[in-house]
Amino acid sequence: MSECIFCKIVAGEIPSGKVYEDDEVLAFHDIHPFARVHFLIIPKVHIATLADCTPAHEGLLGRMLLLAPRLAKEQGLDAGFKTLINTGRGGGQEVFHIHVHVFGGGDPVPRT
Ligand code: AMP
Ligand code: ZN
């Protein structure tokens with residue numbers, strides 16, 4: 001069984017505040033939000049980092065990115081939002097299952 005916490009969320013073994021799900025992608029609220037709205041978009045398949053992606057992942061990455069504005073709007077971020085992908089330890093990545101942070105709302109969020 002995978003030790004990856006996000007794979008466990010995909011498998012339903014750990015609860016999450018689901019924002020969106022389809023056959024390839026899941027989005028859920030970040031457990032430690034740094035803005036009024038803060039959710040993560042992840043692929044259901046385990047890919048550790050953006051640096052591990054190959055041309056075979058082009059479509060999947062495109063789907064994830066295109067979901068960001070759509071889900072942000074659904075979450076009430078009408079004035080805009082930030083996206084963030086941390087890659088590798090030097091990039092501040094803590095969970096090694098690729099994810100796109102989408103956040104905004106409330107006070108201006110820090111420039112990360
Ligand atoms: P990163 O530093 O880009 O790897 O960010 C990992 C993010 O995952 C952090 O913002 C965490 O708050 C978030 N996170 C970790 N565990 C969970 C969880 N079980 N449910 C939701 N978000 C989580
Ligand atoms: Zn995983």
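**Exercise 1. Classify D22 in this predicted model as buried or exposed, and list the backbone nitrogens that its side chain reaches.**

Step 1. Take the accessibility. D22 has 17% relative accessibility, so D22 counts as buried. The cut-off for buried is under 20%.

Step 2. Place the residue. D22 belongs to the loop between β1 (18–21) and β2.

Step 3. Follow the side chain. It reaches the backbone nitrogen of E24 at 2.8 Å. The D22 side chain also reaches the backbone nitrogen of V25, at 2.7 Å.

Step 4. Check a pair along the chain. D22 and K44 are separated by 22 residues in sequence. Their C-alpha atoms are 9.1 Å apart in space.

Step 5. Set another pair beside it. V37 and P15 are also 22 residues apart in sequence. From C-alpha to C-alpha, V37 and P15 are 18 Å apart.

**Exercise 2. Trace the pairing from β1 through β2 and β3 to β5.**

Step 1. Start with β1 and β2. These strands run antiparallel and are joined by 3 bridges. The hairpin between β1 and β2 passes through 3 residues. K18 has F28 as its bridge partner in β2.

Step 2. Go on to β3. Strand β2 (residues 25–29) pairs with β3 in the antiparallel sense, over 5 bridges. F28 stands opposite L40 in β3. H29 stands opposite F39 in β3.

Step 3. Finish at β5. β3 and β5 run antiparallel, with 5 bridges between them. H38 has F103 as its bridge partner in β5.

Result: β2 pairs with β1 and with β3, and β3 pairs with β5 as well.

**Exercise 3. How many residues of β2 and of β3 are buried, and which residues cover each face of β3?**

Step 1. Count in β2. Here 4 of the 5 residues are buried, so β2 is largely enclosed by the rest of the structure.

Step 2. Count in β3. The buried residues are 7 of 7, and the strand is mostly covered.

Step 3. Split β3 by face. One side carries V37, F39, I41 and P43. The other carries H38, L40 and I42. Both faces are covered, and these residues are all buried.

Step 4. Test one residue from each side. V37 has 7% relative accessibility and therefore counts as buried. H38 is at 2%, so H38 counts as buried too.

**Exercise 4. Find the side-chain partner of H38 and the polar contacts of ligand 1.**

Step 1. Begin at H38, which is in strand β3. Its side chain makes a polar contact with the side chain of H101, at 2.9 Å.

Step 2. Move from H101 to the ligand. A side-chain N or O atom of H101 is 2.8 Å from an oxygen atom of ligand 1. H101 thus appears in two contacts: one with H38 and one with ligand 1.

Step 3. Add the backbone contacts. A polar backbone atom of G92 is 3.0 Å from an oxygen atom of ligand 1. For E94, a backbone N or O atom lies 2.7 Å from a ligand oxygen atom.

Step 4. Check the enclosure. Ligand 1 exposes 510 Å² when taken alone, and the protein buries 88% of that.

Step 5. List the surroundings. There are 16 residues around ligand 1. D30, E94, V95, H99 and H101 come nearest.

**Exercise 5. Describe the zinc ion (ligand 2): which atoms coordinate it, and why is the arrangement given its geometric name?**

Step 1. Name the donors. They are C4 (SG), C7 (SG), H46 (ND1) and H97 (ND1). The distances are 2.0 to 2.3 Å.

Step 2. Assign the geometry. The 4 donor atoms subtend angles of 106 to 118°, so the arrangement is tetrahedral. The cut-off requires all angles to lie between 85 and 135 degrees.

Step 3. Read the spacing. Along the chain, the donors follow C-x2-C-x38-H-x50-H. The histidine pair links distant parts of the chain, 51 residues apart. H46 is in the loop between β3 (37–43) and α2 (58–74). H97 is in the loop between β4 (82–84) and β5 (100–104).

Step 4. Contrast the two histidines. H46 has 39% relative accessibility, so H46 counts as partly exposed. H97 has 0%, so H97 counts as buried.

How values were computed:
Residues are numbered from 1 along each chain as its sequence is written. Chains are lettered from A and ligands numbered from 1 in the order in which they are written. This is a predicted model: local features need pLDDT of at least 70, side-chain atom pairs count only at pLDDT 80 or more; totals for chains, interfaces and linings use all residues. Side-chain values use heavy atoms; hydrogens and water are left out. Donors are N, O and S atoms within 2.8 Å of the metal (3.2 Å for Na, K and Ca); water is not among the atoms, so sites may look incomplete. Four donors count as tetrahedral if all angles lie between 85 and 135 degrees; four count as square planar and six as octahedral if opposite donors are over 155 degrees apart and all others between 65 and 115; anything else is irregular. Helices (H or I, at least four residues) and strands (E, at least two) are DSSP runs, numbered from the N terminus. Buried means under 20% relative accessible area, exposed over 50%, partly exposed in between (1.4 Å probe, protein chains only). A residue is near a molecule or strand if one of its heavy atoms lies within 4 Å of it. A polar contact is a pair of N or O atoms within 3.5 Å; within protein, one must be able to donate a hydrogen and the other to accept it, and residues adjacent in sequence count only if both atoms are side-chain atoms. Accessible areas come from the Shrake-Rupley method with a 1.4 Å probe; for residues, only the protein chains shown count as cover. Two strands pair if DSSP finds at least two bridges between them.
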